[in-house]
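Visitor: Please pick out one part of this structure and look at it closely, explaining each term as you go.

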Amino acid sequence: MTPLFDEVRFGAETQDVSNIAAAYLLAPDESNNDSTNYWIFTKAGFERLIERTGWNLVASSSSGIPHSNPQDDRLDERVYALLEAR
């Protein structure tokens, strides 16, 4: 039988997971209580998404709190990317 998905488990919630290609599915009240926000990505996950969708990452920059947390509005970080089509 083929599994429906692969499960990934992490240790402590404060563990740095930026080098793991992963995404987090937000609850409706997370990320500034905006129910239209669905996903947040680790740095590696964002780069993998860019690669898998046919783009090249030219440059990126981030602003905000480096130790962001989707459940705390005061700990918000945004990433901006310049992409080119492959």
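**A close look at helix 2**

Guide: The chain exposes about 7,400 Å², and carbon and sulfur atoms supply 52% of that area (areas come from the Shrake-Rupley method with a 1.4 Å probe, and for residues only the protein chains shown count as cover). This is a predicted model, in which local features need pLDDT of at least 70 and side-chain atom pairs count only at pLDDT 80 or more, while totals for chains, interfaces and linings use all residues. Residues are numbered from 1 along each chain as its sequence is written, and side-chain values use heavy atoms, with hydrogens and water left out.

Begin with the setting. The chain has two helices and four strands (DSSP runs numbered from the N terminus: H or I of at least four residues for helices, E of at least two for strands). Read from the N terminus, their order is β-α-β-α-β-β. The average pLDDT of the chain (the predictor's confidence in each residue, from 0 to 100) is 83, and 84% of the residues score at least 70. Among the elements, helix 2 has the highest mean pLDDT, 94, and helix 1 the lowest, 82.

Of the 86 residues in the chain, 9% are buried (under 20% relative accessible area; exposed is over 50% and partly exposed lies in between, with a 1.4 Å probe and protein chains only). One residue to look at is Thr42, in the loop between strand 2 (39-41) and helix 2 (43-52). Thr42 counts as buried because its relative accessibility is 13%. Leaving aside residues up to four places away in sequence, Thr42 touches Val17, Ser18, Ile20, Ala21 and Ala22 (a contact means heavy atoms within 4.5 Å). For the chain as a whole, contacts with a separation of 6 or more include a 42% share between residues 24 or more positions apart.

Now move into the helix. Lys43 and Glu47 both belong to helix 2 and sit four residues apart, about one turn of the helix. Their side chains meet in a salt bridge, with 2.6 Å from N to O (a side-chain nitrogen of Lys or Arg within 4 Å of a carboxyl oxygen of Asp or Glu). Side chains of opposite charge can pair when their charged atoms come close. The partners fall into separate accessibility classes: Lys43 is exposed because its relative accessible area is 53%, whereas Glu47, at 32%, is partly exposed.

Under the salt-bridge rule, the count comes to two. For comparison with the helix pair, Asp76 forms a salt bridge with Arg78, where the closest N and O atoms are 3.0 Å apart. Asp76 is partly exposed, with a relative accessible area of 29%, and Arg78 is also partly exposed, at 37%.

Further along helix 2 is Leu49. At 38% relative accessibility, Leu49 counts as partly exposed. On the surface, Leu49 forms a nonpolar patch with Leu25, Tyr38, Trp39 and Phe41, and together these residues have about 540 Å² of accessible area (patch residues have over 30% relative accessible area and no salt bridge; like charges are joined within 9 Å, and nonpolar side chains, namely Val, Leu, Ile, Met, Phe, Trp and Tyr, within 5 Å).

To sum up the part: buried Thr42 lies in the loop before helix 2, Lys43 and Glu47 share a salt bridge, and Leu49 takes part in the nonpolar patch.
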